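Here are a few notes to help you find your way around this structure. Please keep the view open as you read, and take the points in order.

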Amino acid sequence: MGFLTDPPATHVWHENRYYTVNPSYDIVLDLQKMYGDSRLNDVDKINTALRMLIVRPKRIHMSTNQKMNLLQAIYDQCIQIPERHSPKNQQKVFDFEFDGEYIYSSFLLDYGIDLIDMRGILPWKKFIALFQGLSERTKIREVMRIRGMEIPKYNGKNAKQIQEIQELKSYYALPVKGGGGQKGLDALFFALESQAVKNG
């Protein structure tokens, strides 16, 4: 069993009921954005996430804890990608929301895939596999490389090189974001970008 042989996970069996799920990349990214909104409380986040992920959602008569368990099951089966070893304190080199245009143009260049046309269709796990396979010629890979560059130590001769690198890093710098917290289910959707890099 593996990525190439397993059918895409679009159903979750939870507490004697099947739920049909649409884990398309745009829904998952909207969820990540929503989970970063500190104005919403945990209950609102759980209810909104289930409405977004479940196809034709009906009123779910469950306790908050049961809903949280259902959301966890959806995440585990339909969204989460396998963990692989990565360096600790890895520098953040991209942001799905901030770098949307770069990612869009990169998919179009490498694969001929128009991500806008694929909203609601392309599953998250396929999106991540394609993202990780983007070639170095794509804009997002160029930007990630620049952000991850180390600035060399000054040796008396490389002032221009240092200045150029600093200017590039400044131009492509990611904005500083606040967050909705790292507790409970918030951690699920905050993990998505780090997983995409870990597996890349």
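How much area does the chain expose, and what share of it do carbon and sulfur atoms supply? About 12200 Å² is exposed, with 53% supplied by carbon and sulfur atoms. Please bear in mind that this is a predicted model.

1. Let's begin with the overall layout. The chain has two strands and nine helices. Following the sequence, you meet the elements in the order β-β-α-α-α-α-α-α-α-α-α. Of the 200 residues, 37% are buried. Among contacts with a separation of 6 or more, 67% are between residues 24 or more positions apart.

2. Next, a look at Val21. You will find Val21 in the loop between strand S2 (18-20) and helix H1 (25-35). Its relative accessibility is 3%, so Val21 counts as buried, the limit for that label being under 20%. Leaving out residues up to four places away in sequence, Val21 touches Thr10, Val12, Leu53, Val55, Ile74 and Cys78. Cys78 is 57 residues from Val21 along the chain, yet their C-alpha atoms are separated by 8.1 Å.

3. Now for the charged pairs. Side chains of opposite charge can pair when their charged atoms come close. The structure holds six salt bridges. One of them joins Asp99 and Arg147, with 2.7 Å between the closest N and O atoms. Asp99 sits in the loop between helix H3 (64-79) and helix H4 (100-111), while Arg147 belongs to helix H6 (residues 139-148), so to speak a link between distant parts of the chain, 48 residues apart. Are these two partners buried or exposed? Both Asp99 and Arg147 are buried.

4. Another salt bridge pairs Arg137 with Asp110, and here the closest N and O atoms are 3.0 Å apart. Because Arg137 lies in the loop between helix H5 (124-132) and H6 and Asp110 lies in helix H4, this pair ties together parts that are 27 residues apart in sequence. Arg137 counts as exposed, at 57% relative accessibility.

5. Helix H6 also has a salt bridge of its own. Glu142 and Lys139 both lie in this helix, three residues apart, which is about one turn. Their closest N and O atoms are 3.5 Å apart. Glu142 counts as partly exposed at 28% relative accessibility, and Lys139 also counts as partly exposed, at 26%. Lys139 has a ring partner too: its charged end sits over the ring of Tyr102, 6.0 Å from the centre.

6. The aromatic rings deserve a visit. There are 13 aromatic pairs. In the pair of Tyr25 and Phe127, the ring centres are 4.9 Å apart and the planes are at 15°, so the pair is stacked. Tyr25 lies in helix H1 and Phe127 in helix H5, and the pair therefore ties together parts that are 102 residues apart in sequence. Tyr25 counts as buried at 7% relative accessibility, and Phe127 is buried with a relative accessible area of 1%.

7. Phe94 and Phe96 form an edge-to-face pair, 5.0 Å centre to centre with 80° between the planes. Both of these residues are buried. Which residues do ring pairs link into a cluster? The cluster is made of Tyr25, Phe94, Phe96, Phe107, Tyr111, Trp124, Phe127 and Phe131. Over the face of Phe131 lies Arg141, at 5.5 Å from the ring centre.

Methods: Residues are numbered from 1 along each chain as its sequence is written. This is a predicted model: local features need pLDDT of at least 70, side-chain atom pairs count only at pLDDT 80 or more; totals for chains, interfaces and linings use all residues. Side-chain values use heavy atoms; hydrogens and water are left out. Helices (H or I, at least four residues) and strands (E, at least two) are DSSP runs, numbered from the N terminus. Buried means under 20% relative accessible area, exposed over 50%, partly exposed in between (1.4 Å probe, protein chains only). Contact means heavy atoms within 4.5 Å. Accessible areas come from the Shrake-Rupley method with a 1.4 Å probe; for residues, only the protein chains shown count as cover. A salt bridge is a side-chain nitrogen of Lys or Arg within 4 Å of a carboxyl oxygen of Asp or Glu. Rings of Phe, Tyr and Trp (its six-membered ring) pair if their centres lie within 6.5 Å; planes under 30 degrees apart count as stacked, over 60 as edge-to-face and the rest as tilted. A charge sits over a ring if NZ of Lys or CZ of Arg is within 6 Å of the ring centre and within 35 degrees of the ring normal.
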